[in-house]
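Visitor: I am new here. Please show me the structure, and then let me ask how its labels are earned.

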Amino acid sequence: MIDETPDSTPPAGPRKPDAWELVCTGILRTEFGRRPSRAVSNAIVQLAAEAAVSNGAPPKTHTEGLIGRIHQWLSNLETRPALALAAALIMVTGVSIYFLKSYLHESGGSENFLVGCKLSNASGMRWADGSVTLKIGDSLPLKMLRLESGVVEITFNSTAKVAIEGPAQFQLIGGNALELQSGKIATDVPKRARGFILQTPTATVRDLGTRFGAIVGTDKSSEVDVFQGRIQLTTDDKANAQGWRLTAGMGMFVDERGATPADALPELAFPQPEINLEVRPQNCGFDVSGRTAVGEVPTDFGYWSGLSYSLTGATEEVKPANGPGMLEFYNPAAPLAGDSGVFQLIDLRPYKPLLASGQVQATLSAMFNRVAGDANTAGKFGLTLAAFRGSPAEAKALWAGRATLALALADKELAADNNPQTWELLEAATRLPPETDFVIVQIRAMVPKDNPGATLVGHFADLVDLRLSTPMRASSIAIK
Amino acid sequence: MNDKSQSLHIFEVLAKQHEPMLMAYLQSLVADHKLAEDLAQQTLLIAYRKINTLKDPSAFPAWLRGIARLEAFSAMRRQGREFPVDPDVLQQMDEVYRQFEEQNPADTWEERFHLVEDCYGHLPETLQTVCRLHYFEDRKAWQIAESLTLNLNAVLKRLERARVAIRDCVQTKLAGKPVE
């Protein structure tokens with residue numbers, strides 16, 4: 001129960017906080033672990049710089065020692081009490097994964113490079129004389145870089161990506177941090193890379209799992225805009241040490257006089273790194289007994305609907321491609337006999353800022369399989385992705401007129417093999433226009449035109465997936 | 001990636017995971033964000049150089065706190081200041097952190113700290129205000145007294161009540177009991 005007594009009684013002499021109070025106040029002072037700190041990035045920069053000049057110092061033995069112990073410790077895991085070691089397991093697993101990734105993806109290196117941040121893409125890249133010579137795939141050196149023109153994409157080991165458009169000056173200040181002295185930048189920071197830091201001359205931006213952009217002018221002023229998710233922005237303003245939390249659509253202009261809220265500029269005003277998003281249909285693996293409907297095209301988002309199908313587990317001949325469930329097609333009853341289609345509507349309105357570029361490619365994929373058949377067995381599957389503007393209530397009519405009403409349409413068919421042991425992948429892709437509100441996804445098992453009575457029993461689908469991706473691009477709106 | 005880059009990268013991942021804990025621990029000891037940041041940086045440099053002496057990777061958080069404690073102690077001594085925390089309290093603080101770790105072993109430190117945030121959320125508005133000004137915005141008690149037109153004792157009293165309330169709430173939650 002919280003003490004609500006008045007404040008009039010002065011403290012009965014100074015009482016030193018106990019251990020619990022000290023720990024809790026320490027946590028309060030870090031704003032529950034969210035207050036930006038440069039301790040790690042500063043330490044790493046210092047260590048990297050030392051490594052760069054020492055040329056042969058002993059970190060190798062450090063690595064061998066730590067990793068060796070980590071693996072030895074992991075191999076002993078089963079013999080130790082699991083609970084007591086669980087906390088460390090998280091840490092060690094993460095480190096081991098990173099370690100393995102580093103080995104898999106890196107090829108050689110130079111001592112001037114910082115923790116494997118790479119130039120992952122570039123377009124029209126031109127560096128200032130003497131600044132640097134880089135090609136795609138190279139690690140980035142630990143120094144101020146001057147990009148005269150073009151766009152470069154940098155991928156951090158944390159998986160954060162940034163696109164920087166020249167003219168720009170920037171340098172890495174950690175494995176998940178970058179300092180931008182001038183130029184335009186946009187970030188894509190997945191959840192696992194949360195905590196990415198962008199330092200500008202007037203502001204520090206800490207990403208909380210999001211996409212945002214920044215423009216740093218030659219006068220050192222910074223404009224920071226959030227496209228998706230949220231960020232924490234701090235300045236040198238002592239009166240507001242905790243800074244501001246900005247969410248999607250919010251912006252802040254910061255110069256030497258302080259910070260001023262601003263309307264976020266459109267994403268087209270910023271360069272953009274390659275972005276890949278998975279927008280999976282609900283119950284995409286048919287592994288849970290969620291909402292399903294019998295009928296034609298659904299009138300709302302988030303459930304499967306079809307004339308004749310069921311969600312099932314493994315059968316004698318066919319095991320699901322993944323997880324415990326899959327979808328089995330049946331022949332629709334007359335008068336709708338023919339192909340058996342199953343539909344889902346997927347809402348893309350949350351992705352409007354991304355769609356605005358007109359560069360978003362949607363790729364629909366699904367796995368199909370069937371039992372071994374004879375001449376009377378159907379053998380084809382199909383996949384359709386259709387993008388529409390409007391509301392889900394109109395979906396049935398829009399689908400019926402998709403040949404003319406769809407903003408984008410992709411359709412693929414597959415003549416399945418006769419082997420129930422193998423699942424076959426089918427993909428259909430199309431570019432989505434900015435007006436897209438939703439897509440209709442259809443998976444289907446098809447009967448031959450000359451044999452509409454062919455059975456569809458034993459025809460399965462699994463793992464339906466929709467992926468949105470945009471290539472790296474330069475900004476397309478000039479900002480004065 | 002060469003060996004140096006590898007070891008730095010691995011260490012950076014480790015350090016990032018434990019940075020919130022390290023900063024919170026140092027803030028408990030020195031109550032100064034900038035100093036805590038400098039000490040944390042120094043702690044990490046030492047930790048990297050002495051990583052060979054760490055026998056058990058699961059002890060990394062406690063090992064880091066041990067280095068941080070010595071660094072904080074040295075910094076205070078250099079400044080001619082008395083170290084503000086008794087040795088037995090320091091030991092108990094380690095026990096408290098151990099309880100945080102064991103309560104939610106799969107969580108990050110930020111997630112573990114939600115417990116304290118929840119308890120802070122339970123405080124009455126008056127106590128939250130002084131906590132915010134003092135702990136988040138680094139204002140001195142007398143500055144808070146001036147801005148809220150309270151006397152200094154009232155501010156100190158509120159801070160103490162807030163600390164005690166959060167402590168009791170956190171202890172209750174860690175023990176798995178509902179907070180009244």
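**How the labels are earned**

Guide: Start with α3(B) and α4(B), which are roughly antiparallel to each other. First, some ground rules. This is a predicted model, where local features need pLDDT of at least 70, side-chain atom pairs count only at pLDDT 80 or more, and totals for chains, interfaces and linings use all residues. Residues are numbered from 1 along each chain as its sequence is written, while chains are lettered from A and ligands numbered from 1 in the order in which they are written.

Visitor: Why are α3(B) and α4(B) called roughly antiparallel?

Guide: Helix α3 (residues 60–78) of chain B and helix α4 (residues 87–103) of chain B pack at an angle of about 150 degrees, with axes 11 Å apart. Angles over 145 degrees count as roughly antiparallel, under 35 as roughly parallel, 65 to 115 as roughly perpendicular, and the rest as oblique. The pair α3(B) and α4(B) therefore earns the label roughly antiparallel. The angle runs from 0 to 180 degrees between N-to-C directions, with axes fitted to C-alpha atoms, for helices over the stretch in contact.

Visitor: Which residues of α3(B) and α4(B) meet?

Guide: Pro61(B), Ala62(B), Arg65(B) and Arg69(B) in α3(B) meet Leu90(B), Asp94(B), Tyr97(B) and Glu101(B) in α4(B). Contact takes C-beta atoms, placed from the backbone, within 7 Å. By class, there are four nonpolar, no polar and four charged residues. Ala, Val, Leu, Ile, Met, Phe, Trp, Tyr, Cys and Pro count as nonpolar, Asp, Glu, Lys and Arg as charged, and the others, Gly among them, as polar.

Visitor: What makes α2(B) and α3(B) oblique?

Guide: Helix α2 (residues 33–49) of chain B packs with α3(B) at an angle of about 125 degrees, with axes 9 Å apart. That angle fits none of the named ranges, so α2(B) and α3(B) are oblique to each other. Their contact has ten nonpolar, two polar and one charged residues. Leu35(B) and Ile46(B) are among those from α2(B), and Leu64(B) and Ile67(B) are among those from α3(B).

Visitor: How many helices and strands does chain B have?

Guide: Chain B has nine helices and zero strands. A helix is a DSSP run of H or I with at least four residues, and a strand is a run of E with at least two, numbered from the N terminus. Chain A comes to seven helices and 25 strands.

Visitor: How do you know that β19 and β24 of chain A pair?

Guide: Two strands pair if DSSP finds at least two bridges between them. Strand β19 (residues 340–347) and strand β24 (residues 438–446) of chain A have eight, in the antiparallel sense. Gln344(A), for one, has Val441(A) in β24(A) as its bridge partner.

Visitor: What makes β15 and β22 of chain A edge strands?

Guide: The open sheet runs β15-β16-β19-β24-β21-β22 (chain A), with mixed pairing. β15 (292–294) and β22 (408–415) each have a single partner strand, so one side of each is left without a neighbour in the sheet.

Visitor: How do you know that both faces of β7(A) are covered?

Guide: Thr204(A) and Arg206(A) on one side and Val205(A) and Asp207(A) on the other are all buried. Buried takes 20 or more other C-beta atoms within 10 Å of a residue's own; 12 or fewer is exposed, and in between is partly exposed, with C-beta atoms placed from the backbone. β7(A) also runs antiparallel to β6 (residues 197–199) of chain A, joined by three bridges. Four bridges join β7(A) to β10 (residues 230–234) of chain A, again antiparallel.

Notes:
Contact = placed C-beta atoms within 7 Å.
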